[in-house]
Amino acid sequence: MRYITGKFGCWLLGVGCWLLTACSSSSDETGEGAGSPLQILPYTASYHETDFGMRDVSARYNPFTPAGDIAVGLYVFPAETPTVKSISYHNGSWTSQVIVQGGDEYTLYGFMPKKDPISSSISKSGEVVTLTLSGLGVVNTDDVCFVTGVKGAEGDLLQGQFTYTGKTKDNTVRLLMDHLFAAVRFRFLVDADYSALRTIKLRSLALRTTQGTVTATITLTPNTEDTNPASVAYEPSGTPTTTSFFTSAEGVEIPTSDVEDVEFVGYIVPSSSSGLTLVTTYDVYDSNGNLVREDCTAENTLPDLNAKRGDKVTLELTVAPTYLYQLSDPDLDNPTITIGN
């Protein structure tokens, strides 16, 4: 009798498992039922390469793989109380504690990187969302982006369509990360004649601005025309600030014009792209590798970059003595840095 009961119990267990499997399969196909962690496919908007006003907007989106650990702050609607959640990239993979339910519709908004001292708030009126980010530097070492969940397949993202339908598993959503600032790329080289006598190693780069911090207010309005849904207002404040965006204890050697130059990138608030001063610290070595002058400082007032959000402006800088025919102190050992096109 116990044998028959055991067989019957096993049969019931088998039927139960089959029913659960069938229900799970049905739920997955309809997108209804329990929720699962959000999985993301991140993309970044391409920078517009500029040459003092000439803009190249040929490329739109690129799959995004962070260079190191990073966190994305994400607001998920509908929500009784908007609370920023975190999606983190660590050791080559994304992890998320955000659970979305199958069959429910969501919209997602956020920012990157999620780190101090950046603070955020969000409000929603109908379909229009206002995301406010505070504590941002006028000059940044991070490529700060605002984030939206978007529809579309790879290479065909619909930037103005935010609605996402959750599934019971494999809750994959595409996040579009759009640049909040403009990028300034500094390319350095050493005059070839001067390089025969001296070696220059960059120690630090910094930008001095007239104001120190900014609050960015991003208004996001969905659309079906696949046009940019964002308008951004910046409110700079604070006192003049010098922000370092590159440092090296050993120094980075600057090559001559005969080889590829070295470059560094900083990020600036578009409305603050005028009145910038580049502060450069470098060491000078003779042709035998002996340190001749340490911690030299050069200051260059930058031209009005006329940069917009998502622009990347390139400046070429050449280290050269003021008078090549003289090459004597302080000209030889404390050279100038000039800006060229």
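Helices (H or I, at least four residues) and strands (E, at least two) are DSSP runs, numbered from the N terminus. The exercises below use a predicted model, in which local features need pLDDT of at least 70 and side-chain atom pairs count only at pLDDT 80 or more, while totals for chains, interfaces and linings use all residues. Residues are numbered from 1 along each chain as its sequence is written, and side-chain values use heavy atoms, with hydrogens and water left out.

**Exercise 1. Locate D170 and D295 and describe their backbone and accessibility.**

Step 1. D170 sits in the loop between β15 (164-165) and β16. D295 belongs to strand β24.

Step 2. Phi of D170 is near 55°, a positive value in a residue other than glycine. For D295, phi is likewise positive and near 55°.

Step 3. Buried means under 20% relative accessible area, exposed over 50%, and partly exposed in between (1.4 Å probe, protein chains only). D170 has 56% relative accessibility and therefore counts as exposed. D295, at 43%, counts as partly exposed.

**Exercise 2. Find the cis peptide bonds that precede P78 and P113.**

Step 1. F77 and P78 are joined by a cis peptide bond with omega of about 10°. P78 is in the loop between β5 (70-77) and β6 (85-90).

Step 2. M112 and P113 are joined by a cis peptide bond with omega of about -5°. The loop between β9 (105-112) and β10 (119-125) holds P113.

**Exercise 3. Sort the side chains of β19 by face and identify its partner strands.**

Step 1. In a regular strand the side chains alternate between the two faces of the sheet. In β19 (residues 213-220), V214, A216, I218 and L220 point to one face and are buried. T213, T215, T217 and T219 point to the other face and are not buried.

Step 2. Two strands pair if DSSP finds at least two bridges between them. β19 pairs with strand β11 (residues 128-137) in the antiparallel sense over seven bridges, and T130 stands opposite T219.

Step 3. β19 also pairs with strand β20 (residues 230-237), in the antiparallel sense over eight bridges. Here T217 stands opposite A233.

**Exercise 4. Give the strand order of the open four-stranded sheet and name its edges.**

Step 1. The order is β21-β18-β23-β24, with antiparallel pairing.

Step 2. β21 (241-253) and β24 (291-301) are the edges; each has a single partner strand, so one side of each is left without a neighbour in the sheet.

Step 3. Strand β23 (residues 277-286) pairs with β24 over eight bridges, and T281 has T297 as its bridge partner in β24.

**Exercise 5. Describe the largest nonpolar core.**

Step 1. A nonpolar core is a set of buried Ala, Val, Leu, Ile, Met, Phe, Trp, Tyr and Cys residues joined through side-chain atoms within 4.5 Å.

Step 2. The largest such core has 31 residues, and F186, F188, L207 and L278 have the most contacts inside it.

Step 3. Elements that each supply at least two residues of this core include β18 (198-209), β22 (262-268) and β25 (311-320). β17 gives the most, with five residues.
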